[in-house]
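Hi,

Here is the structure I promised to pass on. Have a look at it first, and my notes follow below.

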Amino acid sequence: MKTLYVRIVAFFILITICSALISLLIANAYYTHKLRYYNEQEAIQIGLTIRDLYERSPGLKFDDYVTHIADIGFQIYAVNEQMEGVMYGAPFRHTEFDEANIKHVLSGGSYAGMLKQKGFLPILGYFENSLRNTTGLPVQVDGQTYALFVRANLEQQIGEVRILLGLLMGFAFLISIVLIIILTRYIVKPLKELKAATHKIASGNYSLKLDMKRKDEFGELAQDFATMAQSIKRLDDMRQEFVANVSHEFQTPITSIQGFSQAIIAGKMSDEEKQRYLHIIYEESKRLSSLSKQLLTLAALDNEMQTAQFSSFRLDEQIRQILISLEQQWTNKELTIELHLPEIVIQADEQLLYHVWFNLISNSIKFCRNADHIDIHVNAGKELVVTVTDTGPGISEDELPYIFDRFYKEDKARGRNKPSGSGLGLSIARKIVELHSGSITVQSIPNQKTTFTVKLPFW
């Protein structure tokens, strides 16, 4: 299996090689369109200078002259009219040459070898040590025409520079690969730490040591990962607590039902006591039914089994019906209810939204103190905004980020002396609102007020 480290190293080496090849292609294009003609003109000018200098020096032996010219850094091939050729200076590595070129020069023409180079990379031909890579001119020697082919001996003129450039490029490539191999470890190291952290989280260990001081994406990732680990730990703790709470929630009414049922079966009680026991059994069974329904609703929403069945209905009437059903609770506390409910028809799932408003309003009633105030406000503009505000004890700032977490017990935020719920109501409400492509938020000032805001698309 190829590790990320091997992939990154291979990727960077591939980039280095591709960069070198692309640079070669760019240099080749520049040479082909700009430098090749210029270099050939320079070579022709050098050939003309060599020829003119000889022709202006009467009595100068041609062999001695050409030999001295070759000694200062040129390769020369001289051919007479009898097609007899002599090489001067360093020998040519490739001597294949078309006789037609020689005859063309002997007849007074010229030969431009650089311009005749063909192939995928003409720039490489610039360094080719061959007869075909020469410049040819006719020259008069003792009344006879010679074809003089001249090429600069690059190995002699810039041999050391070529070696230096070769070493420079070779070592630069090798050093870049070594640095890629070493520095990639530095890049991959935080990823390895995150990988180890995932194994720790998978095994249930949430105490992570990550480098969160880095001022880059890895530092931000480490911070987000640590935050995620804490969220998972908190969720795991709440889930364990939820199991204990649900067990208690189920066990308490079941124990009550069993106890009072046995007392009724025994028959040693008055009719009044029997009616009271039956009422308690009825209330406890309602608690069990309500808890079961909440668990089923949340499971359906989680598994996307629950879909919104849109229909038109009066939102203001729906909220009023909820207040009527809860009238006994809020009248017992002598709460003041203020309503701002314009007549409004919306397109939504009536049954699901009923759960949202019922949960928010019943929570406000449950956590309000006697004679507190509840305000319910509906505003329909570009979007539907419903706010439920109560003047109860409020929610502490530390608790606000978790109020919609499932299994979170609201009584922790509102005070432990308050009635306990299952911790699922607000989580279900958020799921339903999100199912309608909306949002639900909460703002609270402890001991002053708490406001839940639901925003829904308004069709």
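Let me start with Ala371, which counts as exposed in this predicted model, because its relative accessibility is 54%, above the 50% cut-off. Ala371 sits in the loop between helix 11 and strand 9. Its phi is positive, about 70 degrees, although Ala371 is not a glycine. That caught my eye, because most residues other than glycine have a negative phi. Ser437 is another case: its phi is about 60 degrees, again positive and again without being a glycine. You will find Ser437 in the loop between helix 13 (425-435) and strand 11, and with a relative accessibility of 58% it counts as exposed.

Both loops lead into strands of a sheet, so here is how that sheet is put together. Its 5 strands follow the order 7-9-10-12-11, the sheet is open and the pairing is mixed. Strand 7 (336-340) and strand 11 (439-445) are at the edges; each has a single partner strand, so one side of each lacks a neighbour in the sheet. From one strand to the next, the twist averages 10 degrees.

Going across the sheet, strand 7 pairs with strand 9 (residues 373-380) in the parallel sense, over 5 bridges. Within that pairing, Leu339 has Ile376 of strand 9 as its bridge partner. Strand 9 then pairs with strand 10 in the antiparallel sense over 7 bridges, and a hairpin of 2 residues joins strand 9 to strand 10. Ile376 turns up here too, standing opposite Val388 in strand 10. Strand 10 and strand 12 also run antiparallel, joined by 8 bridges, with Leu384 opposite Leu456 in strand 12. How many residues of strand 10 are buried? The count is 7 of its 8, so strand 10 is largely enclosed by the rest of the structure.

Two helices that pack on this sheet are worth a look. Helix 11 (residues 350-367) touches strand 9, strand 10, strand 11 and strand 12 (449-457), and its direction makes about 170 degrees with that of strand 12. Helix 9 touches strand 7, strand 9 and strand 10 (383-390), and its direction makes about 165 degrees with that of strand 9. In helix 9 (residues 315-325), the buried residues include Leu315, Asp316, Gln318, Ile319, Ile322 and Leu323. These residues lie on the same side of helix 9, because they cover an arc of only 165 degrees around its axis.

Elsewhere in the chain, Asn80 is in the loop between strand 1 (74-79) and strand 2 (85-88). Is Asn80 buried or exposed? Its relative accessible area is 7%, so Asn80 is buried. A polar atom of the Asn80 side chain lies 2.8 Å from the backbone nitrogen of Glu84. Leaving aside neighbours within four places in sequence, Asn80 is in contact with Leu106, Gln144, Thr145 and Tyr146.

Finally, a word on confidence. The mean pLDDT is 82, and 88% of the residues reach 70 or more. Over residues 410-419, however, the pLDDT is below 50, although this stretch has 28 contacts in the model beyond near neighbours in sequence. Where pLDDT is low, the predicted coordinates should not be read in detail.

Best wishes

Key: Residues are numbered from 1 along each chain as its sequence is written. This is a predicted model: local features need pLDDT of at least 70, side-chain atom pairs count only at pLDDT 80 or more; totals for chains, interfaces and linings use all residues. Side-chain values use heavy atoms; hydrogens and water are left out. Helices (H or I, at least four residues) and strands (E, at least two) are DSSP runs, numbered from the N terminus. Buried means under 20% relative accessible area, exposed over 50%, partly exposed in between (1.4 Å probe, protein chains only). A polar contact is a pair of N or O atoms within 3.5 Å; within protein, one must be able to donate a hydrogen and the other to accept it, and residues adjacent in sequence count only if both atoms are side-chain atoms. Contact means heavy atoms within 4.5 Å. The arc is that of the directions from the helix axis to the C-beta atoms. pLDDT is the predictor's confidence in each residue, from 0 to 100. Two strands pair if DSSP finds at least two bridges between them. Axes are lines fitted to C-alpha atoms, for helices over the stretch in contact, and angles run from 0 to 180 degrees between N-to-C directions.
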